[in-house]
Structures are given as structure tokens and as C-alpha cells.
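Trainee: Could you take me closely through one part of this model, namely how its helices pack against one another and what lies between them? I would like one connected account rather than a list.

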Amino acid sequence: MSDFSRIPAACAPTAGGNVTGAASLGDGRRPPLASLLAFGLAILAEAGAVALVFGTASDPSGVRWWLVFAPGVIASLPVVVPVYSVRVGAAASIAIWTAIASASIGLFFVPAAMAALVAGRPTSDGGVRLKSDTGRSCA
């Protein structure tokens, strides 16, 4: 049984899910800036990949478009569902996809993967908070 009587009131977990007393950004209200940045960079990478496909002499009908657009769809998930676990899953998925596809269009998505990894860090906006409202450490 946990004894919460010894935890200072400022450090006690709240209904918002963090220890700061304020509602966190990961409670479904709005996505952190890094998730929006990752989504924007993924859309720019999608545009670059499509331009590369149509700008070369290759046949666009032979392209597996669902693979080209997968990172953009994955990057949109943390924007639509701004929850920490979704950000971590999206960051891992985009990073793995970028590594696998790095021989072709994956290099377009490196900035989006980096921004998604920043969004998935525990200390990013909406992540795990380790300080109270008073600035004291609650760890």
C-alpha cells in the first residue's frame, strides 16, 4: 500500500495526469509543438517524394503509394490523438520506416523522424513532468 501522506501537496499526482497541478498537453486537449513540426515536415517530405517520382522518367504506376504516404499518416496520429503513448509509437514507427527506406525516399523523412523523436521524449511538452509548481523536484 502506498503512503501518499508523506508526498508534498504540490507533488501529488493530479487528475490531469501530471505532478504540476496544471492539465498537461498529453491529456487530449492539444498536441505539443514538436508533433505539429513532425507532421509539417512529413508533409513536406511527402511532397518531395511525389515530386521525385513524377520528375523522373520512371513509371508512377509501379510505385507503392501506400508506402510513400505511410509516414505522413503516422505523423498525423499524434496531432489527432495528442497522447504521450501515441507520440512514442509514431516516433518509433517513423524512425524505423526512415531507416528501412533510407536507400530511396527515406532520406526525405529524416527531419520528420527527428522531430517525432523529440516529441516522444519524456521531457517534451506534455511528457512526464518531474518538477512541481514551486520548482522543487518531486522525484
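**Helix packing and the largest pocket**

Mentor: The crossing of α3 and α4 is left-handed, and in this predicted model helix α3 (residues 84-100) and helix α4 (residues 110-119) pack with their axes 8 Å apart at an angle of about 155 degrees. An angle over 145 degrees counts as roughly antiparallel, and α3 and α4 are therefore roughly antiparallel to each other. From α3, the contact takes in Arg 87, Ala 91, Ile 94, Ala 95 and Thr 98, while α4 brings Val 110, Ala 112, Ala 113, Ala 116, Leu 117 and Ala 119. Sorted by class, the contact of α3 with α4 holds nine nonpolar residues, one polar and one charged.

Turning to the partner of α3 that precedes it in the numbering, helix α2 (residues 65-80) has an axis that comes within 8 Å of the axis of α3, and the two cross at roughly 160 degrees; α2 and α3 are therefore roughly antiparallel to each other, and α2 passes α3 in a left-handed crossing. On the α2 side the contact consists of Leu 67, Ala 70, Pro 71, Ile 74, Ala 75, Leu 77 and Pro 78, and on the α3 side of Val 86, Arg 87, Ala 90, Ser 93, Ile 94 and Trp 97. These residues divide into eleven nonpolar, one polar and one charged. Arg 87 and Ile 94 of α3 thus appear in the contact with α2 and also in the contact with α4.

Helix α1 (33-55) packs on α2 at an angle of about 165 degrees, the axes being 8 Å apart, and α1 and α2 are therefore roughly antiparallel to each other; here α1 passes α2 in a left-handed crossing. Residues of α1 in this contact include Phe 39, Glu 46, Val 53 and Phe 54, and those of α2 include Trp 65, Val 68, Phe 69 and Gly 72. By class, the contact of α1 with α2 comprises 15 nonpolar, three polar and one charged residues.

What remains is the space left open, where the largest pocket holds about 230 Å³. Its lining is made of Leu 52, Val 53, Val 63, Arg 64, Leu 67, Val 68, Trp 97, Ile 100, Ala 101, Ser 104 and Ile 105, with α1, α2 and α3 each supplying at least two of the residues. Nine of the lining residues are nonpolar, one is polar and one is charged. Val 53 and Val 68 belong to this lining and also to the contact of α1 with α2, whereas Leu 67 and Trp 97, likewise in the lining, take part in the contact of α2 with α3.

Notes
Residues are numbered from 1 along each chain as its sequence is written. This is a predicted model: local features need pLDDT of at least 70, side-chain atom pairs count only at pLDDT 80 or more; totals for chains, interfaces and linings use all residues. Side-chain values use heavy atoms; hydrogens and water are left out. Axes are lines fitted to C-alpha atoms, for helices over the stretch in contact, and angles run from 0 to 180 degrees between N-to-C directions. Helices (H or I, at least four residues) and strands (E, at least two) are DSSP runs, numbered from the N terminus. Angles under 35 degrees count as roughly parallel, over 145 as roughly antiparallel, 65 to 115 as roughly perpendicular and the rest as oblique. A crossing is left-handed if the near helix is turned anticlockwise from the far one by less than a right angle, and right-handed if clockwise. Contact means heavy atoms within 4.5 Å. Ala, Val, Leu, Ile, Met, Phe, Trp, Tyr, Cys and Pro count as nonpolar, Asp, Glu, Lys and Arg as charged, and the others, Gly among them, as polar. On a 1 Å grid over the protein atoms alone, a cavity is a set of points where a 1.4 Å probe fits but cannot get out, and a pocket is an open set with protein on both sides within 12 Å along at least five of seven lines; lining residues have an atom within 4 Å of a point. Grid points are joined across faces, edges and corners, and a volume is the space filled by probe spheres set on the points.
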